Amino acid sequence: MKEELERLLRTRWAGRRIVYEPRMGSTNDRARELAEQGAPEGTAVIAGAQDAGRGRQGRAWLSPPGTGLFMSVILRPDIDPARIPMITLAAALAVREGIRDVSGLEPLIKWPNDIVSGGKKICGILTEARMKGRTAAYVVTGIGINVNVPGFPPELSEIASSIRLETGKEVSLAETAAAVCGRLEEMYETFCRTGDMSALKETYNQLMAGRGCQVRILAPEGAWEGEALGISALGELLVRRRDGQIEAVTSGEVSVRGMYGYI
Ligand code: BTN
C-alpha cells in the first residue's frame, strides 16, 4: 500500500509523508499523536483496519480489513478556530472529486460532509482540531471510504453503500488514497487563499444532495422544515422557511434529514 501510494502521488505536500500500518486503533488518534510531536502538514496516516474507528456524534466506524480506506491527514491552517468546520466541507468536496477521478462515479455531498451515491452513504469525514490560543495548533481530517465493501448487513444496507456496489468494479485503495490526496491539496489550498468557502461554494452547491428539496432541521430548540438552497461562503446551509425567510444553519448545531429516506 505505502509503496504503491508513494509511486502514484502527484502532490507537493499532501500525503508526502505516509504512516501506514495494517492495524491501528483509530487513524485520527494516531494522527493527533503525530501532530503533537510536530509531524508536518500533509502527513497521511493510513490503516489497513481499525479496531476503534470513530464516526461523528460518538458513533463507531466499522473498519474491517481489505475493503475500506481509513486515512487521516494532518493540516496546520492559520485560521480562526470558528472557521475549522469549513475545512470539513472542503475535504468533502476533495473526497467527492477524488472518488470520481478514480472510479467514474458521480457521488453527491450530503451537507456538511457525507458522500452519497444512489441515496446511500459511501464515505464519512471526521475532523478534529486542537486549539492553541486563538488559532488551531492542528487539524486532523479523518476520511473513511467504503471502497470495495461487497455488501452490508440488513440494518445498514438501506443507508450504506460502497464504490464497488455502485459501479460493479473494484478500485485499488492506494489509487483512491492518491486521488483523494491530490484533490485535498487542491481544495485546501483554494480554501486557505480566502479562509472561507467563497471560491469552492459554487462547485459544492452543484454537487449537493437534496439541493432544492425539502429538508427537516433538527435543532436543539425544535425541528422545522424548509427548502435547502445551498451553502453560504461561510459553509452554513441556507434554508428557506415556509414564510420565505432564509435561515443560515451551522453544522455544529443541527442535523439535517431529507423528508424522504437517508438523504
Ligand atoms: C462519520 O461519522 O460519518 C465520520 C466517519 C469517519 C471515519 C474515519 S475512518 C478514518 C478516520 N479514523 C477514525 O477513527 N475515523 C475516521
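This is a dialogue about reading a few features of a predicted protein model.

Colleague: Let's start with the whole chain. How many helices and strands does the protein have?

Modeller: Keep in mind that the model is predicted. The protein has seven helices and 12 strands. Its C-alpha atoms fill a box of roughly 55 × 45 × 30 Å along the principal axes.

Colleague: What does the radius of gyration say about the protein?

Modeller: The idea is to set the value beside the one expected for a compact globule with this number of residues. For 263 residues that would be near 18 Å, and the protein has 18 Å, so the two agree.

Colleague: And how do I read burial and contacts at this level?

Modeller: A residue counts as buried when its relative accessible area is under 20%. By that cut-off, 51% of the 263 residues are buried. As for contacts between residues at least 6 apart in sequence, 62% of them join residues at least 24 apart. The exposed surface comes to about 12000 Å², with carbon and sulfur atoms supplying 48% of it.

Colleague: How far apart are the mean positions of the positive and negative charges?

Modeller: There are 33 positive and 33 negative charges, and their mean positions are 0 Å apart.

Colleague: Now a single element, please. How should I read helix α3?

Modeller: Begin with the general geometry: an α-helix has 3.6 residues a turn, so residues three or four places apart point the same way. Then check the length. Helix α3 covers residues 84–103, and at 1.5 Å a residue its 20 residues should span 28 Å; the end C-alpha atoms are 29 Å apart, which agrees.

Colleague: Is α3 largely enclosed or open to the outside?

Modeller: Of its 20 residues, 17 are buried, so α3 is largely enclosed by the rest of the structure. After the helix comes G104, with a positive phi near 80 degrees.

Colleague: Which residues does M86 of α3 touch?

Modeller: M86 lies in α3 and is buried, at 4% relative accessibility. Beyond its neighbours within four places in sequence, M86 is in contact with F191, G195, D196, M197, A233, L234 and G235. The C-alpha atoms of M86 and T250 are 10 Å apart, although 164 residues separate the two along the chain.

Colleague: What about residues in strands?

Modeller: Take T141, in strand β7 (residues 135–146). T141 is buried, with a relative accessible area of 0%. Its contacts outside the neighbouring four places include M71, S72, V73 and L75, as well as I87 and A91.

I74 in strand β3 (residues 68–75) makes a second case. I74 also counts as buried, at 0% relative accessibility. Among its contacts beyond four places in sequence are A31, L34, A35, V139 and V140. From I74 to A14 is 8.9 Å, C-alpha to C-alpha, with their positions 60 residues apart in sequence.

Colleague: Which backbone features deserve a second look?

Modeller: Most residues other than glycine have a negative phi, and most peptide bonds are trans. Against that background, W111 and P112 are joined by a cis peptide bond, with omega about 0 degrees. P112 sits in the loop between β4 (108–110) and β5 (114–117). Q57 is not a glycine, yet has a positive phi of about 50 degrees.

Colleague: Where is Q57 found, and is Q57 buried or exposed?

Modeller: Q57 is in the loop between β2 (44–50) and β3. With a relative accessible area of 60%, Q57 is exposed, as the cut-off for that is over 50%.

Notes
Residues numbered from 1 in each chain as written. Predicted model: local features only at pLDDT ≥ 70, side-chain atom pairs only at ≥ 80, totals over all residues. Heavy atoms only, no water. Helix = DSSP H or I, 4+ residues; strand = E, 2+ residues; numbered from the N terminus. Rg over C-alpha atoms; globule rule 2.2 N^0.38 Å. Buried < 20%, exposed > 50% of the residue type's maximum accessible area, 1.4 Å probe, protein only. Contact = heavy atoms within 4.5 Å. Areas by Shrake-Rupley, 256 points an atom, 1.4 Å probe, with all protein chains shown as cover. Lys, Arg positive; Asp, Glu negative; His and termini not counted. Charge placed at Lys NZ, Arg CZ, Asp CG, Glu CD. Expected span 1.5 Å × (residues − 1).
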